[in-house]
Amino acid sequence: MRRHLVLGALLLGATNGAHAAGLDFALGSETAQANLFFGSDAIGYGGADFSLGLFFNEDDDVMGSFGVKATGSPAGARPFSFGVGVKGYAASLDRPDLDVQALGIGGEVKYHIPANMPMALVTEAYYAPSITTGGDGDNFLDFNLNFELEITPGTAAFVGYRLLQTELETSGRDYELDDAAHVGIRLMF
């Protein structure tokens, strides 16, 4: 538990001097995750979003993440928006007491559902092959599928599914940090 508190303090401390644009919390039956988002204009450049994340589960696995992603809607592609980016991961797996670091590329596709109330279906995936996965991992996959509903301007609720796994170098087997449904909220500032 002490390790979770230290990582949480590091996540909050890393935002010192940066202006947060959003914060989301997702809870599963055995997992918890918090993500902080801010635009690159906070550091003097525009056009991309940065993220810092903290994830942990009941197996005492802990993972920190950081990423940068550019998003937008191409001409004529309404109601879709797309994003591409890079995301880094550092995970400490309690059982079998291994560490994994990964740098993945990926992105998101967001379908804005035409309705009176703003809704969207969002899928996001990042993959790191063996060349960009270190420590005790051989590759790394982070896949999310969410249904989002805007509750008030600046506040959204979501429900979804996440698969977060790495292939262990020692055994060649997949180790799942998360493979379940979750619910969450997103607060925009």
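In this predicted model, a salt bridge brings the side chains of Glu-148 and Arg-186 together, with an N to O distance of 3.0 Å. The two partners come from distant parts of the chain: Glu-148 sits in strand 9, while Arg-186 belongs to strand 11 (residues 174-188), 38 residues away. Glu-148 has a relative accessibility of just 10%, so this residue counts as buried. Arg-186 comes out at 16% and is likewise counted as buried, since the cut-off for that label is under 20% relative accessible area. The pair doesn't stand alone, either: through salt bridges with shared partners, Glu-148 and Arg-186 are joined with Asp-24 and Lys-110 into one network.

Strand 9 also supplies a partner to another bridge. Here the side chains of Asp-142 and Arg-162 meet, at 2.8 Å from N to O. Asp-142 lies in strand 9 (residues 137-152) and Arg-162 in strand 10 (residues 155-168), so this contact ties together parts of the chain that are 20 residues apart in sequence. Both Asp-142 and Arg-162 are buried.

Then there's the pairing of Asp-94 with Arg-95, a salt bridge whose closest N and O atoms are 3.9 Å apart. That still makes the cut, because a salt bridge calls for a side-chain nitrogen of Lys or Arg within 4 Å of a carboxyl oxygen of Asp or Glu. As for how open this spot is, Asp-94 is partly exposed, at 28% relative accessibility, whereas Arg-95 has a relative accessible area of 57% and is exposed.

Overall, the structure contains seven salt bridges, including the Glu-148 to Arg-186 contact and the one from Asp-142 to Arg-162.

Note on methods:
Residues are numbered from 1 along each chain as its sequence is written. This is a predicted model: local features need pLDDT of at least 70, side-chain atom pairs count only at pLDDT 80 or more; totals for chains, interfaces and linings use all residues. Side-chain values use heavy atoms; hydrogens and water are left out. Buried means under 20% relative accessible area, exposed over 50%, partly exposed in between (1.4 Å probe, protein chains only). Helices (H or I, at least four residues) and strands (E, at least two) are DSSP runs, numbered from the N terminus.
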